[in-house]
Amino acid sequence: MEDFNPVTMFAILRESLGPWLWGLLLIALVLVVGVVSAAMKLRSARRSPKHPIIAAALAGGVATAIFFMLVPGWTMATHAALNGPVDYLAAILIAFIPGGGIAAMVFSMASWRCARRTTAVCDKSMA
Amino acid sequence: MNRRRFLLTGAALAAVNGIALSNVRAATSSAKARIVIAGAGAAGLALASRLRRQMPQAAITVIDQKTAHHFQPGFTLVGAGLWSPDDVTFRNADFMPSGADWITEAVAEFDPDSNTVATSSGRRVPYDFLFVATGLALDYERIEGMDRSLIGTNGIASIYANPPAAAASFRAIDAFVDQGGVGLFGRPTTEMKCAGAPLKVTFITDDLARRKGRRSAVKLVYNAHNPTVFSVPPVHDRVTQMFAARDIAVNFSHVLKAIDPGAKRATYETPEGVVTFDYDFIHVVPPMRAPDAVMNSPLPWQHGPLATDGWVEAEKATLRHPRYANVFAVGDIAGVPRGKTAASVKWQVPVVVDNLVAETSGKEPLATYNGYTSCPMVTAYGKAMLIEFDYNGNLTPSFPFISPLDELWVSWLIEEKGLKGAYRAMLRGLA
Ligand SMILES: Cc1cc2nc3c(=O)[nH]c(=O)nc-3n(C[C@H](O)[C@H](O)[C@H](O)COP(=O)(O)OP(=O)(O)OC[C@H]3O[C@@H](n4cnc5c(N)ncnc54)[C@H](O)[C@@H]3O)c2cc1C
C-alpha cells in the first residue's frame, strides 16, 4: 500500500486513461470553479444554499445509484460478480465519481438560478 | 575490471540525491558507466527508464530485435474473449527512454569474461554492467507432436504464445463449450511465468460453460504437474476446494509428454507410468527455458534444479550474479525460486537499480527483493482472487481490505482496469 503514493497513482491514471485524463481533469476543474462561484454568488445575493444543496443531493444520489448499476458492466462483469462488502463499497465509490460530478453541476445551476431571481424554491432566509 | 573499479570510486564523490517525490526521489549517481540491457520486455524497459533517471550520465544500450511490446498479463483476458490482441500490443519505441541507445537485434552471445555481448549481426558491445532481461523461451517442441502453429486447430488452445494465439484459444474454448466433451488443462514441470494462468483458463472455461448452460455437456480435468495445483499451500487448498465445488477433476503428478492432434489424444508421464487421455479440447502450457543465447553462455546455474533449463544464476535477494559481479538477471530469466510475473519485475527493478546507484556512488547496496510474486487469479468472468506471495510462500496482500483468498469483483477490477495502466507506468519507471 505504501507504494501507492500520489506520483505513482497519477502515473497509473495517466497510463490507464490516456488523453481522457486531461479531459476529465478539465471537467473536474470546471465543476469546482462552478461550485465555488455559485456558492459565492448565493452568498452575495444573501440567499440560503439549502435548496440548491437538496437538489444537488437528490440528483447526485440518483446518478450515483444509476452509475452503481452500470459499474460492473464497465468492467465486463455483471452485478452477480459483486461478492462482498468491499465490492459494494468499491462500486459505490466509483459510481460516486460521476454522481458527484452531476451533484456539483446541479448545485451550480440551482444556485445561479436562486441567486438571480426569487423563485418559489429559493427562500430568503439569509436576508 | 579496472574501468569498473574506477567508476565505482570516482563516481562516489559525485553522488547526488535526486529530485523530490517518492519514486522520483530515488538516489542518483553520476557514474559514466556503460550499461547494456539485453531484452526490452517488461524488465528491460523498466530498467532502462529507471537507470536513465537515476544514472543520467551512464551510456545505456538496450538490445532487442522485437519492436512490438506485448502486455502478457492481458493474454488471459484475450483468451477469455474479452479483450482483442490490439488491447495488449504496444510499441517498444513509445517506452524507450530518450537518450537510451536501442539496438534492434538479438543478443547472440554473452561473454561475461570479456564484459561484452555480441549481437545477431556480429557487433560486439562492451559493458561495465550487464542486465540480462531476455525473458524466457516457450518450448512447445518439447511436447512431442506439438508446435505453436497448431494453436486454434483441432481443439488445441494455448494463451501463452502471443496475442493472436490467445484470441484463437478463446475461439477454441468457445467451440468446445458449444460442442461438449472432455477438456484437459495443466502445466509443465519447468519453472514458468504466471503459474496461475493455467488455472485461470480452467476457471474461465468452467464459467463460460455455466453461462451458456452447457456445463453438463463438458467434463473438465486439470492435470497438475506435481502433488499440488499451486506451490503456495493456502492457494493450493483454496483452488482444490473450488475445483471440487465446480466439478473440475484433478489428476496430480501428470505431465504432458505428447499429443496426437489428429486423434485428439494426449499422453502424460505419471509416477505410475505413461497414461493416455482422449480429449475434445486441450489447453497446452509449454515447458519454459532460457533463450538459446543465455543457455549457451556461462551465465546459467551450473548445477541444481535451476541449471537444466538455463536460468541465470542470481543471488535471490539482490539478483546479482555470484560469479560475475557486474551482471544482474531481472524478470523471468532470473534463476530464483519464484518471481516470474510482471508484478515481480515491478519490485525487482528498483532493487537492482538502487543497488547499482549506491554501488557506483561508493555506498553500500542495501536493497533486497523478497520474492514478491503476484497473479490475480481470475476465477470467473467478473471475479478474481488477488494472490500475492514471497519466496517463503507467505501471502503478502498489498491491500489490507482485500482478502487474497476471496473471490472478489474488486480484484477483478484491478485485473481488468488497473493492471495495464500500472504496467505501462512501470515501463516508464514510474511505478
Ligand atoms: C498468459 C500469461 C499471463 C500472465 N499473467 C500475468 C499476471 O496476471 N500478472 C503478472 O504480473 N504477470 C503475468 N504474466 C507474466 C509476465 O508477463 C512476465 O513475467 C513478464 O513479462 C516478464 O518480463 P521480462 O521482461 O522478464 O520478459 P518479457 O516481458 O517476456 O520480455 C523479454 C524480452 O527479451 C527479448 N529477448 C529474448 N531473447 C533475447 C535475446 N537473445 N537478445 C535480446 N533480447 C531478447 C524478447 O524479445 C522480449 O522483448 C503472464 C504471462 C503470460 C504469458
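Biologist: Where is G382(B) found in chain B?
Modeller: The model is a predicted one. In it, G382(B) does not sit in a strand but in a loop of chain B, with β25 (373-380) on one side and β26 (383-389) on the other. The place of G382(B) is therefore the loop between β25 and β26.

Biologist: Is G382(B) buried or exposed?
Modeller: The relative accessible area of G382(B) is 0%. The cut-off for a buried residue is under 20%. G382(B) therefore counts as buried.

Biologist: Which residues is G382(B) in contact with, leaving aside its neighbours within four places in sequence?
Modeller: The contacts of G382(B) involve both chains. From chain B they include L408(B), W409(B) and W412(B). From chain A they are A77(A) and A81(A).

Biologist: What separates the C-alpha atoms of G382(B) and F399(B)?
Modeller: Along the chain, G382(B) and F399(B) are 17 residues apart. In space, their C-alpha atoms are separated by 19 Å.

Biologist: What is the area buried between chain A and chain B?
Modeller: The size of an interface is often given as the accessible area lost when the parts come together. For chain A and chain B, carbon and sulfur atoms give 66% of that area. The area buried between the two chains is about 2400 Å².

Biologist: How many residues does the contact take from chain A and from chain B?
Modeller: Both chains contribute to the contact, and 8 residue pairs between them are in polar contact, both residues being at pLDDT 80 or more. Chain B gives 31 residues to the contact, and chain A gives 27.

Biologist: How many salt bridges does the rule find across the interface of chain A and chain B?
Modeller: Side chains of opposite charge can pair when their charged atoms come close. Over all chains, the structure holds 20 salt bridges. Across the interface of chain A and chain B, the count is 2.

Biologist: Which element gives the most to the side of chain A that touches chain B?
Modeller: The 2 salt bridges are one part of this interface. On the side of chain A that touches chain B, the elements giving two or more residues are α1 (6-17), α3 (50-74) and α4 (85-116). With 7 residues, the element that gives the most is α1(A).

Biologist: What is the distance between the closest N and O atoms of E15(A) and R428(B)?
Modeller: E15(A) and R428(B) form a salt bridge, and their side chains are also joined by a polar contact. R428(B) is partly exposed, with a relative accessible area of 25%. The closest N and O atoms of this salt bridge are 2.4 Å apart. The pair crosses between chains, from the segment after α9 of chain B to helix α1 of chain A, and the distance asked for is 2.4 Å.

Biologist: Why does the pair of E15(A) and R424(B) join two chains?
Modeller: E15(A) forms a salt bridge with R424(B), with the closest N and O atoms 2.9 Å apart. R424(B) lies in helix α9 (residues 409-427) of chain B and E15(A) in helix α1 of chain A, so the salt bridge joins two chains.

Biologist: Is E15(A) buried or exposed?
Modeller: Leaving aside neighbours within four places in sequence, the contacts of E15(A) include F95(B), G421(B) and A425(B). The relative accessible area of E15(A) is 11%. A residue under 20% is classed as buried, so E15(A) is buried.

Biologist: Which residue forms a salt bridge with K212(B)?
Modeller: K212(B) is partly exposed at 35% relative accessibility. The closest N and O atoms of its salt bridge are 2.6 Å from each other, and the partner is D174(B). The pair links distant parts of the chain, 38 residues apart: K212(B) in the loop between α5 (197-211) and β15 (218-223), and, in helix α4 (residues 163-179), D174(B).

Biologist: What is the C-alpha to C-alpha distance of P234(B) and N394(B)?
Modeller: P234(B) is found in helix α6 (residues 233-245) of chain B. Not counting residues up to four places away in sequence, P234(B) touches L395(B) and L405(B). P234(B) and N394(B) are 160 residues apart in sequence, and their C-alpha distance in space is 9.0 Å.

Biologist: Which residues make the nonpolar surface patch of about 390 Å²?
Modeller: One of its residues, L29(A), is in helix α2 (residues 20-44) of chain A. L29(A) counts as exposed, at 52% relative accessibility. The patch is made by L26(A), L29(A), V30(A) and V33(A).

Key: Residues are numbered from 1 along each chain as its sequence is written. Chains are lettered from A and ligands numbered from 1 in the order in which they are written. This is a predicted model: local features need pLDDT of at least 70, side-chain atom pairs count only at pLDDT 80 or more; totals for chains, interfaces and linings use all residues. Side-chain values use heavy atoms; hydrogens and water are left out. Patches are made of residues with over 30% relative accessible area and no salt bridge: like charges are joined within 9 Å, nonpolar side chains (Val, Leu, Ile, Met, Phe, Trp, Tyr) within 5 Å. Accessible areas come from the Shrake-Rupley method with a 1.4 Å probe; for residues, only the protein chains shown count as cover. A salt bridge is a side-chain nitrogen of Lys or Arg within 4 Å of a carboxyl oxygen of Asp or Glu. Helices (H or I, at least four residues) and strands (E, at least two) are DSSP runs, numbered from the N terminus. Buried means under 20% relative accessible area, exposed over 50%, partly exposed in between (1.4 Å probe, protein chains only). Contact means heavy atoms within 4.5 Å. Buried area is the accessible area (1.4 Å probe) that two parts lose on being put together, summed over both. A polar contact is a pair of N or O atoms within 3.5 Å; within protein, one must be able to donate a hydrogen and the other to accept it, and residues adjacent in sequence count only if both atoms are side-chain atoms.
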